[in-house]
Amino acid sequence: MSLIDVAGMMNTSLGTANSWAQASAIAAKLEVAAQFATAGKIFGYLDVASNVLEITDSKQSMLQNVEDGGQAVLGVALIFAGGPVTIVAGGIILAAWELWEYKRDN
């Protein structure tokens, strides 16, 4: 497990927790929903950067690079084009994809 993997797993875990908190805040109509949305975008930027770093890892196969590229593109789309519900759902799907990818490769 590389340092990039560890940082990615930490970001995925924190981002998923933030997504659930954001979903709860939206459902409860809390005023802090906007702050969770901002934090979610920060986790999104970190996740995109993590995927770009993984693409540059020379040990990966072409399939892994394509998969990381897809994750980065989906992350960018969620950051710039997603609404609150889409961002939360997409963040959870991306986290599940990342965890599945790690489990498959290790």
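A residue counts as buried when its relative accessible area is under 20%, and as exposed when that area is over 50%. Values in between are called partly exposed. By that rule, the buried residues of helix 1 are Gly8, Asn11, Thr12, Gly15, Thr16, Asn18, Ser19, Gln22 and Ala25. The model is predicted.

## Overall fold

The chain has four helices and zero strands. Along the sequence, the pattern reads α-α-α-α. The C-alpha atoms fill a box of roughly 45 × 25 × 20 Å along the principal axes. A compact globule of 106 residues would have a radius of gyration near 13 Å, and the chain, at 14 Å, agrees with that.

Buried residues make up 33% of the 106 residues. The chain exposes about 6,400 Å², and carbon and sulfur atoms supply 73% of this area. Take the contacts between residues at least 6 apart in sequence: 63% of them join residues at least 24 apart.

## Helix spans

Three helices can be checked against the 1.5 Å rise a residue. The expected span uses one less than the number of residues.

| Helix | Residues in helix | Expected span | Distance between end C-alpha atoms |
|---|---|---|---|
| Helix 1 | 25 residues | 36 Å | 36 Å |
| Helix 3 | 20 residues | 28 Å | 28 Å |
| Helix 4 | 22 residues | 32 Å | 31 Å |

For helix 1, the end-to-end distance agrees with the expected span. Helix 3 agrees as well. So does helix 4, with 31 Å against 32 Å.

## Buried faces

Helix 1 covers residues 3-27. Cover for its buried residues includes helix 2 and helix 4. After helix 1 comes lysine 29, whose phi is positive, near 55 degrees.

Serine 19 gives a close view of this packing. It lies in helix 1. Its relative accessibility is 7%, so serine 19 counts as buried. Leaving out residues up to four places away in sequence, serine 19 touches Val88, Gly91 and Ile92. One of these partners, Val88, is itself buried in helix 4.

Helix 3 buries Gln64, Asn65, Glu67, Asp68, Gly69, Gln71, Ala72, Gly75, Leu78 and Ile79. These residues pack against helix 2 and helix 4.

In helix 4, the buried residues are Ile87, Val88, Gly90, Leu94, Ala95, Glu98 and Glu101. Their cover includes helix 1, helix 2 and helix 3.

A general point helps in reading these lists. An α-helix has 3.6 residues a turn, so residues three or four places apart point the same way.

## Salt bridges

How many salt bridges does the chain hold? The count comes to two. In one, arginine 104 pairs with glutamate 67, and the closest N and O atoms are 2.8 Å apart. Arginine 104 lies in helix 4 (residues 84-105) and glutamate 67 in helix 3, so this bridge ties together parts that are 37 residues apart in sequence.

The other bridge joins the side chains of aspartate 105 and arginine 104, at 2.8 Å from N to O. Because the bridges share partners, Glu67, Arg104 and Asp105 form one network.

Burial varies across the network. Glutamate 67 is buried, with a relative accessible area of 11%. Arginine 104 is partly exposed, at 34%. Aspartate 105 is also partly exposed, at 34%.

## The aromatic pair

The count of aromatic pairs is one. Why is the pair of tyrosine 45 and phenylalanine 80 edge-to-face? The planes of the two rings stand at 65 degrees, and their centres are 6.3 Å apart, so the pair is classed as edge-to-face. The cut-offs behind this are centres within 6.5 Å and planes over 60 degrees apart.

The pair links distant parts of the chain. Tyrosine 45 sits in helix 2 (residues 33-55) and phenylalanine 80 in helix 3 (residues 62-81), 35 residues apart.

Is phenylalanine 80 buried or exposed? Its relative accessibility is 63%, so phenylalanine 80 counts as exposed. Tyrosine 45 is partly exposed, with a relative accessible area of 43%.

Methods. Residues are numbered from 1 along each chain as its sequence is written. This is a predicted model: local features need pLDDT of at least 70, side-chain atom pairs count only at pLDDT 80 or more; totals for chains, interfaces and linings use all residues. Side-chain values use heavy atoms; hydrogens and water are left out. Rings of Phe, Tyr and Trp (its six-membered ring) pair if their centres lie within 6.5 Å; planes under 30 degrees apart count as stacked, over 60 as edge-to-face and the rest as tilted. Helices (H or I, at least four residues) and strands (E, at least two) are DSSP runs, numbered from the N terminus. Buried means under 20% relative accessible area, exposed over 50%, partly exposed in between (1.4 Å probe, protein chains only). A salt bridge is a side-chain nitrogen of Lys or Arg within 4 Å of a carboxyl oxygen of Asp or Glu. Contact means heavy atoms within 4.5 Å. The radius of gyration is taken over C-alpha atoms; the globule rule is 2.2 Å times the number of residues to the power 0.38. Accessible areas come from the Shrake-Rupley method with a 1.4 Å probe; for residues, only the protein chains shown count as cover.
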